[in-house]
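Colleague: Got a minute to go through this one with me? Let's pull it up.

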Amino acid sequence: MEFHEKLQELRKSRGMTQEELAEALFVSRTAISKWESGRGYPSIDSLKEISNYFSVSIDDLLSGEKLISIAEKENRSNIRGMCDLLFGIMDLFSLTLIFLPLYPNPVDGYIYSVNLFSYVETTVLNRIVYWTLFLILIAIGAVKVVLSLLRITRGQKAVTGISIGISVLTVLFLAMAGEPYAITVAFLLLLVKGIILMRSIKASN
């Protein structure tokens with residue numbers, strides 16, 4: 001007997017509707033319907049809830065092979081979620097490009113480093129572009145973090161692609177503008193994001 005058949009049998013043995021079982025397991029009725037129709041399997045945590053609620057072992061519900069498959073899939077999903085969160089945090093670290101003293105400010109023959117708020121030794125156009133690129137990266141990072149915390153997968157790839165594109169553009173523009181310290185920070189952030197992205201892709205395969 002397959003899992004979805006066992007779940008239906010257990011539910012009906014208690015005389016419960018799908019809505020009532022969903023409330024007992026703290027999941028949606030849609031999830032129960034999906035499981036009972038054989039269109040999906042519950043997470044490991046949900047399997048534990050089902051096992052405890054009906055006083056049956058997880059082995060009675062699923063074969064060892066299927067259980068391992070679910071655990072591996074859940075592990076990959078958790079890794080991707082963590083990578084998405086870290087990716088967003090890296091974009092939020094673009095705040096360092098605004099607040100750290102990364103920009104040269106010559107005073108009486110000496111060169112001091114100042115943050116972006118105090119940086120006036122460049123063109124107005126450059127400053128506008130800096131602020132625009134950095135603020136876009138920070139906004140993208142905030143969106144990425146929120147999506148990750150809410151476990152929303154839809155749109156994650158698009159946000160990631162935009163983030164990489166803006167990061168590359170930032171590095172190139174800082175290089176053309178001759179900002180050695182700022183470009184070092186921007187490049188390191190891009191490098192870390194690239195490593196995180198590769199780890200996420202590896203987890204997906």
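Modeller: Sure, one term to start: buried means under 20% relative accessible area, exposed over 50%, and partly exposed in between (1.4 Å probe, protein chains only). This is a predicted model, so local features need pLDDT of at least 70 and side-chain atom pairs count only at pLDDT 80 or more, while totals for chains, interfaces and linings use all residues. Residues are numbered from 1 along each chain as its sequence is written, and side-chain values use heavy atoms, leaving out hydrogens and water.

Colleague: OK, I195: buried or exposed?

Modeller: I195 is exposed, because its relative accessible area is 54%. I195 sits in helix α10; helices are DSSP runs (H or I, at least four residues), numbered from the N terminus.

Colleague: And V192, what's its relative accessibility?

Modeller: That's 32%, so V192 counts as partly exposed. V192 is also in helix α10, residues 180-204.

Colleague: How far is V192 from M90, C-alpha to C-alpha?

Modeller: 7.6 Å, though V192 and M90 are 102 residues apart along the chain.

Colleague: Switching topic: where is S148?

Modeller: In helix α8, which covers residues 124-149. S148 counts as buried because its relative accessibility is 14%.

Colleague: Which residues does S148 touch?

Modeller: Leaving aside residues up to four places away in sequence, S148 touches G81, D84, L85 and Q156; contact means heavy atoms within 4.5 Å.

Colleague: What does the side chain of S148 reach at 2.8 Å?

Modeller: The backbone oxygen of K144.

Terms used. Helices (H or I, at least four residues) and strands (E, at least two) are DSSP runs, numbered from the N terminus. A polar contact is a pair of N or O atoms within 3.5 Å; within protein, one must be able to donate a hydrogen and the other to accept it, and residues adjacent in sequence count only if both atoms are side-chain atoms.
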